[in-house]
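Student: I am new to this structure and should be grateful for a close look at one part of it. Would you please describe how one pair of helices is arranged, and then place that description in its wider setting?

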Amino acid sequence: MSASAPSQVHFRTCNLCEAMCGVRIEVADGRITSIKGDDADPFSRGHICPKAVALRDLHEDPDRLRHPMKRTASGWERVSWEDAFSDITRRLHALQQEHGPHSVGAYLGNPNVHNLGAMMFGPGLLRALRSRNRFSATSVDQLPHQLVAHLMFGHQLLVPIPDIDRTRYMLVLGANPLASNGSLMTSPDVRARLRSIQERGGKVVVIDPRRTETANIANQHVFVRPGTDALALLSLLHVVFADTADNVRRMGRLAAFVDGLDSVVSLVRDIPPERTAPHTGIAPEVLRGIARDFLAAEGAVCYGRVGVSTQPFGSLCQWLINVLNIVTGNLDREGGALFTQPAFDVIGGPRALGVSPGSHGRWKSRVRGLPEFSGELPVATLAEEILTPGDGRIRALLTVAGNPVLSTPNGTQLDTALGQLDLMVSVDPYLNETTRHAHYILPPASVLERGHYDLVFHVLAVRNTAKYSPPVFTAGPESRQDWEILLELQHRLETLRDGRSARATLQYQALKRLGPERLLDVGLRMGPYGSRFHPLKKDGLSLAKLRAAPHGIDLGPLKPSLPGRLRGRSKRIQLAPELLVADVARLRAAFPDDAAPRDGELLLIGRRHLRDNNSWMHNVPGLVKGRPRCTLLMHPEDASRLGLTDGSDASVRSRVGEVTVPVAITDDVMPGVVSLPHGYGHQRAGIRLQVAGAHAGASINDLTDDQALDAVSGNAAFSGTPVRVRPAAPPAPPSPSGPATPAA
Ligand SMILES: Nc1nc2c(c(=O)[nH]1)N[C@H]1C(S)=C(S)[C@@H](COP(=O)(O)OP(=O)(O)OC[C@H]3O[C@@H](n4cnc5c(=O)[nH]c(N)nc54)[C@H](O)[C@@H]3O)O[C@H]1N2
Ligand SMILES: Nc1nc2c(c(=O)[nH]1)N[C@H]1C(S)=C(S)[C@@H](COP(=O)(O)OP(=O)(O)OC[C@H]3O[C@@H](n4cnc5c(=O)[nH]c(N)nc54)[C@H](O)[C@@H]3O)O[C@H]1N2
Ligand code: SF4
Ligand SMILES: [Mo]
């Protein structure tokens, strides 16, 4: 027997979801032999979910692309980085010369936010494109949170974070952290954290059209008709204000820097729970009970996520949730909702290393006139911007870590549109439903071959911590990091446009040498805990300090920070931004008092499973094994009315499309509601995902409607898509007289 090399142990943060779990990775002979939770991580304390081991599977996946690929008439061919970069930038430049800067669009997907290098170098490339046609997964996700934070607190990332570890009452709308592991609430081992609310005598209440995994461990679950949460929140506020206490006093110290209380009070005066109950399905006494408990708790917080953002009144929901926390004195208070103080401060730190405070409506999309937010347009309009002829049409598209064919509304239409581009370039490790349309795919090095620090999720975490993860493996000489690809494209585009200048070349070379790590070091040193290059502050945080603490550093619980942390000119909280107040009229018009229910129509909602991650982890065998999960959940009453049995195939039809999926009958969904997970639909031809292809499922976004938006923000309104469901036609029996001949 030959002796094998001793194994090495690496500590790291898992970057697959927002929870930032510490992992302990053992490597022997260049291969991963184990991945476990890191017990010494001060934040996650050993917790991981089943996806952590996928870090190895993703790294080793034979389908993961390892060199640049070019699509040719005879199929995909390997090309050199040099040939790819030069041909791509030459063609992009030529298109922009001929058709203007906006003829090139860009779509940035979710994994960018989990990638230090992409976060730091993406903005440079986008600037170099000079295009107004920038899109991202933000507008199928948290756009309302950012718009509302921008309008109320003066910065798009000033998102109040639930103080889950100290609260005594947590009201959850449209989030299922037991499956998602928490979102805009980075909280590893969220189950334990929710349990401890209950252990200290507090309550967890979930409002959701489905009795979810989270609802199952909550003290109370309340069904709500999809898309009506804004009405419920208005009525909740009505009850709060009808309480005898003084409205100003109730806000406590916040009253000194809050503007607009009176407009909110008068807005909800005629919206008692009795008036909204017929729409929401929530009994008035239930809502009154919630208001009572919320007011009585020593520290209460209302938290709403994807289910209340991706709906027609997403911005109203996120606004009213903040309003509820503020008017009950629970913002900026222990046990309520607080702002973080991250070590790398993209909000309050140096401008050059920061994220802009946000902007709204500086320009509109060409076809539908949808407003820009912070330099981006709603992705629901991407397909029509490609398909609609005329000046300013998108002719070339760059996608970076995105799969919009499966993740954006009316994916079928986008699928068609992508096929009509003059040039499409995808920075992505997989040949999938989206990238199959690319002319070039540029695959980055694997996640374990790069250093990691969560620039974004520390901003959104329930506790202040900091951790740097060095690479586990060294990337080969032939591979490129995401940031290197983005920087190279940027530099070449700028050179083609502006000519070769000594200054630009120096800047490019300097950035290339610095890389994300050195920039991170600068940000940490300049940050609130940093050493600031000051000799007397040498104990402060720096990259070296983080390297010396491989499990991460605890910086303590969230602390009150207002009004100092507010941004914007007024440095005051805007409780009643005009844009949002005005949208209440649209809400009221959508739900008139005498509305009659629509016959036979069901409302479609999504769902997540612990073992999924949007569209891109179905190629990991360990995560897709077991019973198929892409099923249509349906209440027994609806199933029997429609003649559907458990496990039978149903055809689901919406305004934009039709899919066939097996039905799973359960009273976990409310009558009138059906649920399908997103991220499936891997049956499309030409993808290179062997495992996912064998677990194809159907894409919910072949049903969701690109015209259904939150009108204020332009966010996709997935929740509550009207659908009709019927038994799928059984496959035609084979004809007894051989193959059928076409009818004459
Ligand atoms: N396992 C896993 N984890 C993930 C992901 C994943 O795909 N899989 N994705 C990651 C990403 S990108 C994100 S953004 C987060 C999202 O994190 P969460 O927001 O927690 O996501 P979901 O589990 O989809 O929870 C949304 C809930 O909203 C409910 N809902 C739908 N419509 C309505 C409505 O009209 N009103 C109300 N009140 N509820 C409604 C749904 O039933 C569902 O329970 O998860 C992240 N983590
Ligand atoms: N109906 C419905 N639709 C939804 C949702 C829903 O709840 N319901 N949720 C929405 C939400 S919250 C989100 S965030 C979006 C996600 O939307 P997208 O970001 O468009 O989709 P993902 O499925 O996350 O695809 C990620 C892509 O990034 C690639 N990738 C993974 N890691 C890396 C990397 O390190 N570098 C690079 N360059 N590429 C990488 C993967 O191969 C994949 O192609 O989907 C949205 N779509
Ligand atoms: S919960 Fe999220 S961060 Fe933690 S191990 Fe699972 S995927 Fe990774
Ligand atoms: Mo997301």
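**A helix pair**

Tutor: In this predicted model, the axes of helix 8 (residues 229-242) and helix 11 (residues 273-280) approach to within 9 Å and cross at roughly 160°. Helix 8 is therefore roughly antiparallel to helix 11 (angles under 35 degrees count as roughly parallel, over 145 as roughly antiparallel, 65 to 115 as roughly perpendicular and the rest as oblique). Axes are lines fitted to C-alpha atoms, for helices over the stretch in contact, with angles from 0 to 180 degrees between N-to-C directions. Helices are DSSP runs (H or I) of at least four residues, numbered from the N terminus.

The crossing of helix 8 with helix 11 is left-handed, that is, the near helix is turned anticlockwise from the far one by less than a right angle. Helix 8 contributes Leu-231, Ala-232, Ser-235, His-238 and Val-239 to the contact, and helix 11 contributes Pro-273, Thr-276, His-279 and Thr-280 (contact means heavy atoms within 4.5 Å). By class, this contact comprises four nonpolar, five polar and no charged residues (Ala, Val, Leu, Ile, Met, Phe, Trp, Tyr, Cys and Pro count as nonpolar, Asp, Glu, Lys and Arg as charged, and the others, Gly among them, as polar).

As for the wider setting, the chain is divided into domain 1 (69-141 + 346-557), domain 2 (159-338) and domain 3 (595-727), with bounds from an automatic or database domain assignment. The C-alpha centres of domain 1 and domain 3 lie 30 Å apart, and 31 residues of domain 1 are in contact with 29 residues of domain 3.

Residues are numbered from 1 along each chain as its sequence is written. Local features need pLDDT of at least 70, and side-chain atom pairs count only at pLDDT 80 or more.

Definitions and conventions:
Chains lettered and ligands numbered in written order. Heavy atoms only, no water. Helix = DSSP H or I, 4+ residues; strand = E, 2+ residues; numbered from the N terminus.
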